Amino acid sequence: MKNNFFITFVGVLLSVFVCYGQTKVAVLEPVAGDDNVTSMEIAMLRGELRKAIFRIDGFEAISRSDLDRVFNEQDFQHLGYVPKDQIHRMGQMSGADYLCISTLNKSASQYYIEAYLVDVATGNIETPASQFGEIKNGNMAGLYQITQELVKELIGDKMLSGGGSLEENFDGKSNWDWTFFSHDSKSVMIANEELRIMNFSSTGTTQSDVMAPVDIRRNFKITFNFVIQEAKMLSSVGVKFGGGNSITVNSGSCSYSLGSAFKTSAAAKMGMGRNKPVVIVVIKRGEHVILQVNGVEVADEECAYTTNQLGVFAGINTLAMLKKVSIEYLR
């Protein structure tokens with residue numbers, strides 16, 4: 001009896017360590033879009049979706065029969081009418097971060113898979129994905145490869161593994177739809193593969209915001225590479241992140257706010273003169289945030305990270321160029 005308890009206890013510990021930092025996706029039973037779809041094909045699609053998600057570093061696919069029961073009780077075939085309370089209920093039942101809802105349609109020569117991820121915290125439907133395949137000798141040909149591509153399309157930017165990174169280098173191909181808040185139309189702009197933030201006013205800041213393609217439930221590192229082209233007395237540059245948090249760097253020190261606490265550190269500074277590089281790093285690990293400026297750590301504190309919204313800004317008498325933003329998921 002004691003040995004069985006010990007084995008069970010060790011198994012629970014192992015499952016905790018294995019799943020730490022994993023994004024959990026509950027793969028629900030696919031919906032048959034027409035009468036041509038068999039129960040075997042539904043089972044095959046579900047199995048391939050689960051395997052495709054399992055193969056992505058940082059993700060775990062789960063499947064539960066009680067989730068299927070709730071799923072079948074609701075009209076989930078029309079995702080615009082999914083009750084959010086049911087989404088929350090299913091997320092709580094499974095411990096999932098996302099629900100994977102899919103539909104399979106089939107003709108004599110083709111099959112078509114459409115799928116969605118639903119965020120159980122918000123009830124929002126993520127970017128849909130779809131793939132076509134051929135029917136050969138009565139079978140769904142290439143189902144393995146097609147579900148791999150479907151899941152890549154579904155998960156998209158969430159698919160970054162440890163050591164991989166996603167970059168915004170302002171080259172026109174990966175613009176993250178930045179929103180500008182400026183004193184005039186020329187204060188913030190994207191040009192020459194950089195985001196320019198110009199503030200030559202005597203008050204206020206010039207700012208640009210974006211919803212970064214990052215899953216805030218995971219651990220990650222965001223690096224902002226600035227070049228300060230012009231800096232005078234009281235010049236500053238900074239980053240806002242995670243909802244109510246910020247770090248500001250000037251020529252003598254830096255200040256930061258994590259939640260309601262506002263602190264100043266002399267450990268890092270921006271530097272004066274032209275063409276000065278400034279690298280600001282925000283690292284999220286669990287409930288802690290680490291802030292670094294030019295390789296110097298200025299904070300390691302508990303912090304609520306509630307949104308993927310980011311902002312970059314420049315204080316008075318500052319001309320700054322944001323050259324690149326990179327996001328790396330951490331283990």
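This report walks through the cores, aromatic pairs and a few chosen residues of the structure above, which is a predicted model.

**Two nonpolar cores**

Let us begin inside the protein. The largest nonpolar core counts 44 residues, and Phe224, Phe226, Phe241 and Leu291 have the most contacts inside it. Strand S13 (residues 220–231) supplies the largest share of this core, 6 residues. Another core lies apart from it and has 27 residues, including Leu49, Ala115, Ile146 and Leu150. As background, nonpolar side chains tend to be buried together in soluble globular proteins.

Phe226 is a good residue to click on if you want to see its surroundings in the largest core. Leaving aside residues up to four places away in sequence, Phe226 touches Ile197, Val237, Gly238, Val239, Lys276, Pro277, Val278, Ile280, Val312, Ala320, Met321 and Leu322.

**Aromatic rings and their neighbours**

The model holds 5 aromatic pairs. In one of them, the ring planes of Tyr112 and Phe132 meet at 40° with the centres 4.6 Å apart, so this pair is tilted. Tyr112 belongs to strand S5 (residues 110–119) and Phe132 to strand S6 (residues 129–136), so the pair ties together parts that are 20 residues apart in sequence. With a relative accessibility of 23%, Tyr112 is partly exposed, while Phe132, at 53%, is exposed.

Phe170 and Trp178 also form a tilted pair, with 5.7 Å from centre to centre and 45° between the planes. Here Phe170 is buried, at 4% relative accessibility, and Trp178 is buried as well, at 9%.

Elsewhere, ring pairs join Phe220, Phe241, Tyr305 and Tyr329 into a cluster. Phe241 also appears among the residues with the most contacts inside the largest core. Tyr329 has a charged neighbour too, as the table shows.

| Charged residue | Ring below the charged end | Distance to ring centre |
|---|---|---|
| Arg218 | Tyr329 | 4.0 Å |
| Lys240 | Phe313 | 5.7 Å |

**Helix H2, side by side**

Helix H2 (residues 39–54) has 16 residues, which at 1.5 Å a residue should span 22 Å; its end C-alpha atoms lie 23 Å apart, in agreement with that expectation. Within H2, the buried residues are Glu41, Ile42, Leu45, Arg46, Glu48, Leu49, Ala52 and Ile53. These residues cover an arc of only 165° around the axis, so they sit on the same side of H2. Ser39 and Met40 are exposed on the other side of the helix. The general rule is handy to recall: an α-helix has 3.6 residues a turn, so residues three or four places apart point the same way.

One of the buried H2 residues, Leu49, is also a member of the 27-residue core.

**Two polar residues worth a look**

Which residues does Gln148 touch, not counting those up to four places away in sequence? They are Ala52 and Arg55. Gln148 itself is part of helix H5 (residues 143–155) and is buried, because its relative accessible area is 16% and the limit for buried is under 20%. Its partner Ala52 is one of the buried residues of H2.

Glu167 sits in strand S8 (residues 166–168) and counts as partly exposed, at 34% relative accessibility. Although Glu167 and Ser326 are 159 residues apart in sequence, their C-alpha atoms are 4.3 Å apart in space.

How values were computed. Residues numbered from 1 in each chain as written. Predicted model: local features only at pLDDT ≥ 70, side-chain atom pairs only at ≥ 80, totals over all residues. Heavy atoms only, no water. Core = buried A, V, L, I, M, F, W, Y, C linked by side-chain atoms within 4.5 Å. Buried < 20%, exposed > 50% of the residue type's maximum accessible area, 1.4 Å probe, protein only. Helix = DSSP H or I, 4+ residues; strand = E, 2+ residues; numbered from the N terminus. Contact = heavy atoms within 4.5 Å. Phe/Tyr/Trp six-rings, centres within 6.5 Å; stacked < 30°, edge-to-face > 60°. Lys NZ or Arg CZ within 6 Å of the ring centre and 35° of its normal. Expected span 1.5 Å × (residues − 1). Arc of directions from axis to C-beta.
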